[in-house]
Amino acid sequence: MRELSHPRPPDDLTHRRLCMAADVEQYSRLDTRTQSAVQSELVRMLDEAAALTGLDRAAWARQPQGDLEFAVLPEATPEDAVLGPFAHHLAVRLRDRNARPTAQRIRLRMAVDTGVVADAALGHAGPAPVAVARYVNAPQLRAVLATLTAADLAVIVSDRLYQDVVRSGRRDLDPAQYVRVHVQVKEFGGYGWIRVPGHARDDVRSAVTETPEPKPSADADAPSRTTLSQYVHQGVAVGRDVVGGLSFGLPVAPPPAGSGPAR
């Protein structure tokens, strides 16, 4: 009797994957030659940090974007290794490189989330890639680097990763190092947790607290007629229209259905 073959899964099958973005701070201020050198250095440091952590960078689905690298990591990647040892080794590589007298200083914002990811025509689609693009551009993360001028790396992780991984008592992860912030980006809103390797939590909290709260527009109650200042590049939603502020306590529950238009 002829054996029946099982159908192949569709190419757009979604998976839960770890997503990461590393973005160079103030990259646009550099000249063309320096930008090219900084890109090469960023790739080298990411490669070295991954190798020291035991991660196979060749298996990462990477989407270079000039001053930023977005990556979807393999399903078997240990999340605590990325949040702990990888971030540590990356911070050390940055510190050592920036200590060179003639080196153009490189400072990074790094964002990590986990969630649904699907292969798409221009890279990847799903809530996790979009969330990472929002987190890495959070004003609180920028404020931390602007205030803590000695810092070379600022990391933000999603609330999901913080609750599931950081708070679980994994080795090399200390929940007391993180400060919670609320990031609101037009249609995206969520809690994230910021830490800066080599800096105390109080320093990070002070830097985040100085982030100015967004001022409501005069027609805040009217439907927006403006175009969102965002675009999709290599399958990742990218935007600079990020607003938000420091938030303490439990998340606010969404309003009940029918209570009015979402703002």
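Visitor: How many helices and strands does the protein have?
Guide: This is a predicted model. Its secondary structure is a mix of both kinds of element, with six helices and eleven strands.

Visitor: What share of the residues count as buried?
Guide: Buried means under 20% relative accessible area. The protein has 263 residues, and the share of them that count as buried is 46%.

Visitor: Which element gives the most to the largest nonpolar core?
Guide: The largest nonpolar core has 37 residues, and Phe86, Leu90, Met110, Val112 and Val157 have the most contacts inside it. Strand 1, helix 1, helix 2, strand 4, strand 6 and helix 5 each supply at least two residues of this core. With seven residues, the one that gives the most is helix 2.

Visitor: What is leucine 90 in contact with, leaving aside its neighbours within four places in sequence?
Guide: Leu90 is one of the residues with the most contacts inside the largest core. Set those sequence neighbours aside, and leucine 90 touches Met45, Leu46, Ala49, Leu108, Met110 and Leu153.

Visitor: How many residues are in the other core?
Guide: Another core lies apart from the largest one. Its members include Cys19, Ala131, Leu148 and Val196, and its residue count is 29.

Visitor: How many residues of helix 3 are buried?
Guide: Helix 3 runs over residues 127-136 and is mostly covered. Its buried residues are Ala128, Pro129, Ala131, Val132, Ala133, Arg134, Tyr135 and Val136. Out of ten residues, the buried number is eight.

Visitor: Are helix 4 and helix 6 roughly parallel or roughly perpendicular to each other?
Guide: Two packed helices are described by the angle between their axes and the distance between the axes. Here the axes of helix 4 (residues 139-147) and helix 6 (residues 201-209) come within 8 Å and cross at roughly 115°. Angles of 65 to 115 degrees count as roughly perpendicular. Helix 4 and helix 6 are therefore roughly perpendicular.

Visitor: How many charged residues are in the contact of helix 4 with helix 6?
Guide: From helix 4 come Gln140, Ala143, Val144 and Thr147; they meet Val204, Ala207 and Val208 in helix 6. By class, five residues are nonpolar and two are polar. The charged count is none.

Visitor: Is glutamine 26 buried, exposed or partly exposed?
Guide: Glutamine 26 sits in the loop between strand 1 and helix 1. Most residues other than glycine have a negative phi. Glutamine 26 is not a glycine, yet it has a positive phi of about 55°. Its relative accessibility is 43%, so glutamine 26 counts as partly exposed.

Notes. Residues numbered from 1 in each chain as written. Predicted model: local features only at pLDDT ≥ 70, side-chain atom pairs only at ≥ 80, totals over all residues. Heavy atoms only, no water. Core = buried A, V, L, I, M, F, W, Y, C linked by side-chain atoms within 4.5 Å. Buried < 20%, exposed > 50% of the residue type's maximum accessible area, 1.4 Å probe, protein only. Helix = DSSP H or I, 4+ residues; strand = E, 2+ residues; numbered from the N terminus. Contact = heavy atoms within 4.5 Å. Axes fitted to C-alpha atoms, helices over the stretch in contact; angles between N-to-C directions. Parallel < 35°, antiparallel > 145°, perpendicular 65-115°, else oblique. Nonpolar A, V, L, I, M, F, W, Y, C, P; charged D, E, K, R; others polar.
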